[in-house]
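Trainee: I would like to go through the pockets and the metal site of this model with you. Could we look at it together?

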Amino acid sequence: MSDAVWRDVDSYVEDRLVGEDEALSAAIRHSAATGLPAIAVSAAHGKLLNLLAMSIRAKRILEIGTLGGYSAIWLARALPEDGQLVTLEIDLRNAEVARRNIARAGLNARVDIKLGPAIETLPKLQGPFDMAFIDADKESNAAYFDHAVRLSRPGGIIIVDNVVRDGHVIEANGNAQVQGVRRMMDAIHADTRVSATAVQTVGVKGYDGFLMAVVR
Ligand code: SAH
Ligand code: DHB
Ligand code: MG
C-alpha cells in the first residue's frame with residue numbers, strides 16, 4: 001500500500017461522495033496562487049467536519065487556524081443562516097486570503113475571522129460553542145484544547161487535526177510539534193471533563209490522524 005493508492009482512493013471518494021464544488025476548489029487554487037502552504041484538510045476530511053457539525057445541528061463553531069479558509073468553508077456551510085463560525089488566525093496575509101475565499105463562497109455573514117495569536121484571542125471569546133476544530137501551531141495544542149473545553153457546551157465536540165504525524169506521535173523525544181501533541185494527549189488523559197479517541201488516517205495528505213473529544 002502506498003501514498004499513490006491513498007491519493008487515488010481519496011480522488012475516488014471525492015468523486016463519488018464528497019462533492020467539492022467550485023467555491024471550495026477555488027479556495028484551494030487561490031491559496032496556492034498566493035503562496036500559502038498546501039496544508040488545508042483534504043476534501044474528504046473537510047466533508048467529515050461538515051457532517052459532524054450538521055449531525056449535532058451546530059450553531060456556533062470555533063476554529064483555531066484559518067489558513068486560506070478551506071476548512072472554514074466546510075464548517076460554515078453546516079451552519080444555519082444565523083449560525084456563526086469564529087476562526088482564529090495569526091497571519092494577516094492568510095486571513096486576507098481566507099476573507100476573499102469565504103466571501104466567494106457567500107459565507108461572509110456567518111464567518112468571523114479574528115486576527116492575532118490564538119492564545120490571546122481565546123480568553124476574550126464568549127462561549128458556548130457546539131464544536132471546535134483545532135488546527136494551528138501544534139506546540140500550543142494543550143492550551144487550545146483546554147480553552148475549547150472551557151468554551152464548549154455540554155455535549156459539544158472538539159476535533160484536533162494532525163495528531164499522528166506519520167506515526168511520530170509515539171516518539172517521546174519527537175520534534176516540537178510532536179511534543180505539543182503529546183502534552184495535549186497527557187492533559188486529556190487526566191481530564192475528566194471529556195471523553196476522547198483518535199483515528200489514524202491515510203489519504204491525499206499522507207499518513208496522519210485526528211482526535212475527537214466530547215465534552216461531558
Ligand atoms: N484549518 C486550515 C489549515 C490551518 S493551517 C484548513 O484546513 O484549511 C494552520 C494555520 O494556523 C496557519 O494559517 C497558521 O498561520 C495558523 N497559526 C499558526 N500559529 C497560530 C497562532 N499562534 N494563532 C493563530 N493561528 C496560528
Ligand atoms: C502542518 C500543519 C497542518 O495543520 C497540517 O494539516 C499539515 C501540516 C505543518 O505545519 O506542517
Ligand atoms: Mg491541519
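Trainee: How many nonpolar, polar and charged residues does the lining of the second largest pocket have?

Mentor: This is a predicted model. In it, the lining of the second largest pocket has 12 nonpolar, four polar and three charged residues.

Trainee: What is the volume of the second largest pocket?

Mentor: Its volume is about 240 Å³. Of the 19 residues that line the second largest pocket, Ile28, Ala38, Ala40, Val41 and Lys205 are the closest to its centre.

Trainee: Which helix gives the largest share of the lining of the second largest pocket?

Mentor: Helix H2, residues 22-33, does, with three residues.

Trainee: Now the largest pocket. How much space lies in it?

Mentor: The largest pocket holds about 970 Å³ of space. There are 49 residues lining it, and the closest to its centre are Ile39, Asp135, Lys138, Asp161 and Asn162.

Trainee: Which elements give two or more residues to that lining?

Mentor: Three helices and three strands are involved: H3 (43-55), H4 (70-76) and H6 (118-121), together with S2 (84-89), S6 (194-203) and S7 (206-215). H3 provides the largest share, five residues.

Trainee: And how do the residues of the lining of the largest pocket divide by class?

Mentor: They divide into 21 nonpolar, 16 polar and 12 charged.

Trainee: On to the metal. Which residues are the protein donors of the magnesium ion, ligand 3?

Mentor: The donors are Asp135 and Asp161, each through OD, and Asn162 through OD1, at 2.0 to 2.2 Å from the ion. Along the chain, the donors follow the spacing D-x25-D-N.

Trainee: Why does the pair Asp135 and Asp161 tie together parts that are apart in sequence?

Mentor: Asp135 sits in the loop between strand S4 (129-134) and helix H7 (141-151), while Asp161 sits in the loop between strand S5 (152-160) and helix H8 (176-189), so the pair joins parts 26 residues apart in sequence.

Trainee: Are Asp135 and Asp161 buried or exposed?

Mentor: Both Asp135 and Asp161 are buried.

Trainee: Finally, ligand 1. Which residues are the closest to it?

Mentor: Of the 22 residues that surround ligand 1, the closest are Gly65, Ser71, Glu89, Ala118 and Asp135.

Trainee: What lies 2.9 Å from an N or O atom in the side chain of Asp135?

Mentor: A nitrogen atom of ligand 1 does. Asp135 is also one of the donors of the magnesium ion.

Trainee: Which backbone atoms come into play around ligand 1?

Mentor: A backbone N or O atom of Gly65 is 2.8 Å from a nitrogen atom of ligand 1. A polar backbone atom of Val41 lies 2.9 Å from an oxygen atom of ligand 1.

Technical notes. Residues are numbered from 1 along each chain as its sequence is written. Chains are lettered from A and ligands numbered from 1 in the order in which they are written. This is a predicted model: local features need pLDDT of at least 70, side-chain atom pairs count only at pLDDT 80 or more; totals for chains, interfaces and linings use all residues. Side-chain values use heavy atoms; hydrogens and water are left out. Donors are N, O and S atoms within 2.8 Å of the metal (3.2 Å for Na, K and Ca); water is not among the atoms, so sites may look incomplete. Helices (H or I, at least four residues) and strands (E, at least two) are DSSP runs, numbered from the N terminus. Buried means under 20% relative accessible area, exposed over 50%, partly exposed in between (1.4 Å probe, protein chains only). On a 1 Å grid over the protein atoms alone, a cavity is a set of points where a 1.4 Å probe fits but cannot get out, and a pocket is an open set with protein on both sides within 12 Å along at least five of seven lines; lining residues have an atom within 4 Å of a point. Grid points are joined across faces, edges and corners, and a volume is the space filled by probe spheres set on the points. Ala, Val, Leu, Ile, Met, Phe, Trp, Tyr, Cys and Pro count as nonpolar, Asp, Glu, Lys and Arg as charged, and the others, Gly among them, as polar. A residue is near a molecule or strand if one of its heavy atoms lies within 4 Å of it. A polar contact is a pair of N or O atoms within 3.5 Å; within protein, one must be able to donate a hydrogen and the other to accept it, and residues adjacent in sequence count only if both atoms are side-chain atoms.
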